[in-house]
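User: I am new to this structure and should like to be taken through it by questions and answers. Please begin with the terms that are needed.

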Amino acid sequence: MRIVVHADGETLARRAAEHIAGLIKQSAGPRVALGLAGGSTPKATYEELRWLPVNWDIVDLWLSDERWVAPDHDDSNGAMAAATLADHVEARFFRTRWSRHVRPRDAAAFYEADLRRIIPDGRSDIILLGMGSDGHTASLFPGTEALDEKERWFVANEVPHLDTWRLTATATMIQRAGAVVVLTAGDTKAEMVATAFEGEDGTIPIQLLRQAEGHVVWLVDEAAASMLSETPVERAL
Ligand code: 6PG
């Protein structure tokens, strides 16, 4: 895993967008699968990414996780990704289904079937992730059932402390990706960034990236990197 430190959140968003555009250009396939994360740090990146010269016609956007809310709800990751990126580019955008008449587990199964069509081998070219201040990533929260899923690519995950359901890519799906880009900023993440790189294995969910098969790069700001002590970091110029 690499970590690249940026002076501030604005530089991080701009350089992360450039990095993602570069990954899309480098992808060899006829189409490029790009998993989008929710959260404020990814959102700032999408707002930069939509202006870059990318061949969006070959890109399939999907969601590495989604909240169990209506598609136009303020908390919807899909609604945020549409407003900041997908509605402004020619990429195909595959969103999860939601209805009062559908159970989260069924919605996750429908979405996994979609993913099996657009990513037949389960190896997304790129997956973007954020990290919560508890070390969660996607919607794989500490102590939740989905952390133990080894076969499925995408599942429903009950999150008791939030009193909600989430839909999320599993560790298996994330670890198979060709490239993983973690976007994290702010001093509230510093302790978990240090734990992700330097802590005892199995402490927090995002340490699943230690078993990733592809390239993993963390793009962070100074504040998020401020508690690293023994990890070599690269500094964005
Ligand atoms: C979600 C996200 C989640 C997010 C992190 C970081 O649905 O909430 O997918 O994993 O990426 O919580 O979010 P912030 O960048 O807003 O701190």
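Analyst: Strands, labelled E, are DSSP runs of at least two residues, numbered from the N terminus. The model discussed here is a predicted one.

User: In which strand is the place of Arg-166?
Analyst: Strand E8 covers residues 164-169. The place of Arg-166 is therefore within that range, in strand E8.

User: Is Arg-166 buried or exposed?
Analyst: A residue counts as buried under 20% relative accessible area. The relative accessible area of Arg-166 is 10%, so Arg-166 is buried.

User: With which side chain does the side chain of Arg-166 make a polar contact?
Analyst: Leaving aside neighbours within four places in sequence, Arg-166 is in contact with several residues, among them Asp-65, Arg-67, Ser-139 and Val-159. A polar contact of 2.8 Å joins the side chain of Arg-166 to the side chain of Ser-139.

User: What is the order of the open sheet of three strands?
Analyst: Strands E4 (65-67) and E7 (154-159) stand at its edges, each with a single partner strand, so one side of each has no neighbour in the sheet. The pairing is antiparallel, and the order is E4-E8-E7.

User: By how many degrees are neighbouring strands of this sheet turned against each other on average?
Analyst: The sheet in question has the order E4-E8-E7. With direction ignored, the average turn between its neighbouring strands is 25°.

User: Which residue in E8 is the bridge partner of Val-159?
Analyst: E7 and E8 pair in the antiparallel sense over six bridges. In E8, the partner of Val-159 is Thr-164.

User: Which helix packs on this sheet, touching E7 and E8?
Analyst: The helix spans residues 104-118. Its direction makes about 150° with that of E7. The helix is H4.

User: In what order do the eight strands of the other open sheet stand?
Analyst: Strand E5 (92-93) and E11 are at the edges, each with a single partner strand, so one side of each is left without a neighbour in the sheet. The pairing is parallel, and the order is E5-E3-E2-E6-E9-E10-E1-E11.

User: Which residue in E9 stands opposite Ile-127?
Analyst: Strand E6 (residues 126-129) and E9 run parallel and are joined by four bridges. Opposite Ile-127, in E9, stands Val-180.

User: What angle does the direction of helix H2 make with that of E9?
Analyst: Helix H2 (residues 40-49) packs on the eight-stranded sheet. Its contacts there include strand E2 (32-36), E6 and E9. With the direction of E9, that of H2 makes about 110°.

User: How many of the five residues of strand E1 are buried?
Analyst: Strand E1 (residues 2-6) is joined to E10 by five parallel bridges, with Val-5 opposite Val-220. Two bridges join E1 to E11, also running parallel, and there the partner of Val-4 is Glu-234. E1 is largely enclosed by the rest of the structure because its buried residues number four.

User: What covers the buried residues of helix H6?
Analyst: Helix H6 (residues 190-198) is mostly covered, with seven of its nine residues buried. Among these are Ala-190, Met-192 and Phe-197. Their cover includes E1, strand E9 (179-184) and E10.

User: Which side chain makes a polar contact with the side chain of Thr-231?
Analyst: Thr-231 is found in the loop between strands E10 (215-221) and E11 (234-235), and at 19% relative accessibility it counts as buried. Not counting residues up to four places away in sequence, Thr-231 touches Ile-3, Phe-197 and Glu-198. The polar contact, at 2.7 Å, is with the side chain of Glu-198.

User: What percentage of the area that the ligand exposes when taken alone does the protein bury?
Analyst: The ligand has 15 residues around it, and Gly-38, Ser-40, Asp-65, Ala-138 and Lys-189 come nearest. Oxygen atoms of the ligand lie 2.7 Å from an N or O atom in the side chain of Arg-67, 2.7 Å from a backbone N or O atom of Ala-138, and 2.5 Å from a polar side-chain atom of Lys-189. Taken alone the ligand exposes 420 Å², and the share buried by the protein is 87%.

Key
Residues numbered from 1 in each chain as written. Predicted model: local features only at pLDDT ≥ 70, side-chain atom pairs only at ≥ 80, totals over all residues. Heavy atoms only, no water. Buried < 20%, exposed > 50% of the residue type's maximum accessible area, 1.4 Å probe, protein only. Polar contact = N/O pair within 3.5 Å; in protein donor to acceptor, adjacent residues only side chain to side chain. Contact = heavy atoms within 4.5 Å. Pairing = 2+ DSSP bridges. Axes fitted to C-alpha atoms, helices over the stretch in contact; angles between N-to-C directions. Near = heavy atom within 4 Å. Areas by Shrake-Rupley, 256 points an atom, 1.4 Å probe, with all protein chains shown as cover.
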